[in-house]
Amino acid sequence: MSLQYRGRHFLNSLDFAPAELRTLVEVALRMKRGAERGHLPGRILALLFFNASVRTRVSCETAMARLGGNAIALTPGRDTWNFEDQDGVVMDQNAQEHVRELSPVVTSMVDAVGIRKCDLITVGDAKTSVTDSYAELKKDSFIHAFARFSKKPVLNLESNAAHPLQHLADMATLVEKLGEPRGKKYVLSWAWHPKSLPVATPHSQMLAAADLGMDVTILHPPGYDLDADYVGAATQRARQLGGNVTVTHDVEAAYKDAKAVCVKSWGSLQYYGRFDEEVAAKKALRSTWICDESKMARTADGIFMHCLPARRNVVVTDGVLDSKRSVVVDQAENRLWTVMALLKELIGG
Ligand code: CP
């Protein structure tokens, strides 16, 4: 166990150097092969899930069980109080407890806390966001306030801006499937989806490939640019490792010769908070922006990646998802090994 990770928060992978993340991935892949073990007997991880999850919750809970520890999962507002993170607020509305008490209390009893709090930008469902400003939401105020008052490491399980656990799992998958990914072509493609989904996951998927020095192509229709701060950071990190990041709207050129295609839908930052307008504007994109067999045929026998859950025959066809090129189940399993490696390094010893 290296002291370089112990006690640190894992709020955003940009807080870690690419080499540090690669080291965690190598630990995870050794654990997966049975060549390295971890032990966290008696350690406890608390999990606050403001949003739904399958992979993140199962991987975090089973990681702690496999390491000999325990996890406690809570759904804020359902089996806890409602929480406030802003300072100076008169708490006469829905929130009963401030993060200034919540965080030190919980972290006086556990060894680490994982938080999923993504204020979903969506349509059709009730909005969970208190603001329609992406610039405001990307500050991820709750998780940062919690970390500020925490006595123990805090892990981001997906926020408005980033999903760093997906970053680790995708890095591990690319190394596992491609050998050394450096210099190889990776495409992150937007897909049509009936809802407006957060940009956190595509940010982290882009960074995963950039942090391996890959030749990263971001493919999306006009108006679907990712956060320029994240694209800029990914470009800088990729270049340091001999890779690059380019953005294109050209579907055919993007898929050509790709070694890995990662498909994801995300909402337009241009229409943030104006979902009805976005639905109308993207109607014409549905038939073009699905990953199908003809697009995958343009790749260099590339693998197909998706963070899951994936809407079949909306985001990706059955033919692609059920093909040998699809690595989505291994990618999801790698959530387990990478979170085990992370927990071992942050709270082990
Ligand atoms: N990819 C991912 O984070 O899956 P869940 O939302 O099911 O946790």
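Helices (H or I, at least four residues) and strands (E, at least two) are taken here as DSSP runs, numbered from the N terminus. The structure is a predicted model, in which local features need pLDDT of at least 70 and side-chain atom pairs count only at pLDDT 80 or more, while totals for chains, interfaces and linings use all residues. Residues are numbered from 1 along each chain as its sequence is written, and side-chain values use heavy atoms, with hydrogens and water left out.

We can start with the overall fold. The protein chain contains 13 helices and eleven strands. Its C-alpha trace spans about 55 × 50 × 35 Å along the principal axes. The radius of gyration is taken over C-alpha atoms, and the globule rule is 2.2 Å times the number of residues to the power 0.38. For 349 residues a compact globule would have a radius of gyration near 20 Å, and the protein chain agrees because its own value is 20 Å.

Burial and surface come next. Relative accessible area sorts residues into buried (under 20%), exposed (over 50%) and partly exposed (in between), using a 1.4 Å probe and protein chains only. By this scheme, 56% of the 349 residues in the protein chain are buried. Accessible areas come from the Shrake-Rupley method with a 1.4 Å probe, and for residues only the protein chains shown count as cover. The accessible surface of the protein chain comes to about 14,400 Å², and carbon and sulfur atoms hold 51% of this area.

Contact means heavy atoms within 4.5 Å. Of the contacts in the protein chain between residues at least 6 apart in sequence, 81% join residues at least 24 apart. For charge, Lys and Arg count as positive and Asp and Glu as negative, whereas His and the chain ends are not counted; each charge is placed at NZ of Lys, CZ of Arg, CG of Asp or CD of Glu. The protein chain carries 43 positive and 41 negative side chains, and the centres of the two sets are 5 Å apart.

The cysteines deserve a short look. A disulfide is a covalent bond between the sulfur atoms of two cysteines. With the criterion of a pair of cysteine sulfur atoms within 2.5 Å, the structure holds zero disulfides. Cys118 has its closest cysteine sulfur in Cys307, at 11 Å, which is too far for a bond. Cys118 counts as buried because its relative accessibility is 3%. For Cys307, the closest cysteine sulfur is in Cys262, and the 6.9 Å between them is too far for a bond. Cys307 also has a low figure, 9% relative accessibility, so it counts as buried.

Three residues illustrate different settings along the chain. Val154 sits in strand β6 (residues 154-156) and is buried, at 0% relative accessibility. Beyond its neighbours within four places in sequence, Val154 is in contact with His9, Phe10, Leu11, Val113, Ile115, Ile143, Phe146 and Ala147. One of these partners, Ile143, is eleven residues away along the chain, with 8.1 Å between the two C-alpha atoms.

Trp81, by contrast, occupies the loop between β2 (70-74) and β3 (83-84), and its relative accessible area of 52% makes it exposed. Once residues up to four places away in sequence are set aside, Trp81 touches Pro76, Gln96 and Glu97. The C-alpha atoms of Trp81 and His98 lie 9.7 Å apart, with their positions 17 residues apart in sequence.

Asp257 belongs to the loop between α9 (251-255) and β10 (260-264) and is partly exposed, at 45% relative accessibility. Not counting residues up to four places away in sequence, Asp257 touches Lys185, Arg298, Thr299 and Ala300. Its C-alpha atom is 9.6 Å from that of Met296, 39 residues away along the chain.

Backbone geometry completes the picture. Asp257 is not a glycine, yet it has a positive phi of about 65 degrees. Asn313, also a residue other than glycine, has a positive phi near 60 degrees. Asn313 is placed in the loop between β11 and α12 and is partly exposed, with 42% relative accessibility. Pro309 lies in the loop between β11 (303-305) and α12 (318-321), and the peptide bond from Leu308 to Pro309 is cis, with omega near 5 degrees.
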